[in-house]
Amino acid sequence: MRNDLCAKVLSFINDHELIKSGDKVLAALSGGADSVALLHILDSLKEELHITLCAAHFNHGIRGEEADRDQAFATALCEKYQIKLFCEKADVPAIAEESGESLELCGRRLRYAFLERIAKEIEGAKIATAHHSDDNAETVLWNLTRGSGIGGLCGIPAKREDIIRPLLCCSRAEIEGYCDDHQLEYVTDSTNLSDEYTRNKLRHQVMPVLKELNPRVGESIAHTAALMRESDEYFNEISVKELKQAETDRGYDCERLLQLPLIVLRYAVKNLLGSAGAPVDFRHIALIIEAMRRSSAVELGQGFTAICSQGTLRIVRESEHHTQEVCIPFDEFIKTGGMRVKVRDGELELSESELKRLGIGENVHNLLLHHCIPCDIITCDTFFRYRRAGDIFTFARRGVTKSVKKLMIEMKLPREVRDTVPLIADGSTVLWLEGIGTSAQANKAITRNGEVYLIFGGSKNA
């Protein structure tokens, strides 16, 4: 008869669709009771689940000989069960000192990077970690003490991308009982016995008191976390829709966003920061909302700034294009067959051949376009670039000449994006400006029956 805990884990795996038939599963094996139980349970279920099982051990190098002992134990255990084991050792204390991280954060980052790298090497294996319900409760409590929002009270998810947690339905006591029942040996990490680390204080001092009040406190917190996760997913979905509705060609409409319920607005700003790659902090979110009301800016760190001006919210980042000139000779652009130019991360990105997109043969020299520059005015001094001091633009129909700076101000372009607008210029004379089109100097293309042509080569009388 299958052990009750195995049945419980199997039911949890199926209910949350953690594993599918044919999956490869990489079990994170530290050598402690939790990871040993995880490996044993998955090994017991591998035929029923139809999975290929292997394991990975990361030696943090924090505990010297004890850490080497753990690696040796993991190696011997996998040899006993004939499970392939991947090992890696790193000097986490030295790396943490160099990066300025805590030992806990640095070790966690390097461990997951190792697991994800191995998972890719074995063709997309799922990574199984041994987190259990007590870990989940400790995570919720820790986030609560830091003033977390709903997202932090969701606890540890059963599945996140390629990471699964089959033991999340089990308590630490159940896991240790499973090890005793099956006479499974395991090693004890001495750092788990010290209250020097934050989690250990919760584990040794707080959780015992809560269990006196409610012996099933882990299950109760897990139930609350599940409800929080449902709320988090709902508000996140609503905020994404609202962001799309508020999006403009310059950023996001502040007036529309400020009409949202405050909790949805907070989620919207959080998602906007995340999508921009900016640091996400509850304090920053509050400051950005206030900046939206006052039309001001908020420094976010890591080079990011939230700017609220002219009724528009934008998340911008310092880029090389503010200090480094980017120029592309126009004749090189023509050779690519490109017709359009985009700006991405401060660099000009040329599109693929517009000729191919329109299905026009390579030998055809004439192509109908909306904005054209005749070949006879292209010189070696004609460049794709960003604006420079002294650039001028002459409107073709009105014959009015303005500085590009003044023109951009009249266009109500935000200050931080004015240096990112591509143009084509011959010296200081602008021939084409994105958002405006061609100037009077460039508006001399050959016409036929009212159609404007750009000549790539061959006879201009074609």
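Which residue in β9 is the bridge partner of E299? In the predicted model described here, that partner is T305. The pair belongs to an antiparallel arrangement in which β8 and β9 are joined over four bridges. The sheet that contains these strands is described below, after the overall composition of the chain.

The protein chain has 462 residues, of which 42% are buried. Its secondary structure comprises 15 helices and 22 strands. Of the contacts between residues at least 6 apart in sequence, 67% link residues at least 24 apart. The chain exposes about 25,500 Å², and carbon and sulfur atoms account for 48% of that area.

Four strands make up an open sheet, in the order β7-β10-β9-β8 and with antiparallel pairing. Its edges are formed by β7 (252–253) and β8 (297–301), each of which pairs on one side only. At one edge, β7 pairs with β10 (residues 312–317) through two bridges, in the antiparallel sense. Within this pairing, Y252 stands opposite L313 of β10. Strands β9 and β10 also run antiparallel and are joined by six bridges. One position along them is marked by A306, whose bridge partner in β10 is I315. At the other edge, β8 is held to β9 by four bridges, with E299 and T305 as bridge partners.

Two hairpins connect strands of this sheet. The hairpin of β8 and β9 has two residues between the strands, and Q302 there takes a positive phi near 60°. The hairpin of β9 and β10 likewise has two residues between its strands. In that turn, Q310 has a positive phi of about 55°. For comparison, most residues other than glycine have a negative phi.

Helix α11 (residues 262–276) lies across β7, β8, β9 (304–309) and β10. Its direction makes an angle of about 30° with β10. Strand β9 is largely enclosed by the rest of the structure, because five of its six residues are buried.

Helix α7 (residues 172–181) has R172, I175, Y178 and C179 as buried residues. These residues lie on the same side of α7, because they cover an arc of only 120° around the axis. The face turned away from this buried side carries the exposed residues A173, D180 and D181. After α7 comes Q183, with a positive phi near 50°.

Two residues of α7 also take part in the surroundings of H132. This histidine is placed in the loop between β4 (126–128) and α6 (133–145). Its relative accessibility is 0%, so H132 counts as buried. When neighbours within four places in sequence are left aside, H132 is in contact with D34, L167, L168, C170, R172 and I175. R172 and I175 are among the buried residues of α7.

Positive phi values also occur in other loops. H50, a residue other than glycine, has a positive phi near 60°. H50 is located in the loop between α2 (33–49) and β2 (52–59). E161 also has a positive phi, near 55°, and is found in the loop between β5 (159–160) and β6 (163–164). With a relative accessibility of 72%, E161 counts as exposed.

The cysteines were examined for disulfides. A disulfide is a covalent bond between the sulfur atoms of two cysteines. A search of the whole structure finds zero disulfides. C87 is in no disulfide, and the nearest cysteine sulfur, that of C78, is 7.6 Å away. C87 counts as partly exposed, at 34% relative accessibility. C169 is in no disulfide either; its nearest cysteine sulfur belongs to C170, 3.7 Å away. The cut-off for a disulfide is a sulfur pair within 2.5 Å. The relative accessibility of C169 is 19%. Buried residues are those under 20%, and C169 therefore counts as buried.

Terms used:
Residues are numbered from 1 along each chain as its sequence is written. This is a predicted model: local features need pLDDT of at least 70, side-chain atom pairs count only at pLDDT 80 or more; totals for chains, interfaces and linings use all residues. Side-chain values use heavy atoms; hydrogens and water are left out. Two strands pair if DSSP finds at least two bridges between them. Contact means heavy atoms within 4.5 Å. Axes are lines fitted to C-alpha atoms, for helices over the stretch in contact, and angles run from 0 to 180 degrees between N-to-C directions. Buried means under 20% relative accessible area, exposed over 50%, partly exposed in between (1.4 Å probe, protein chains only). The arc is that of the directions from the helix axis to the C-beta atoms. Accessible areas come from the Shrake-Rupley method with a 1.4 Å probe; for residues, only the protein chains shown count as cover.
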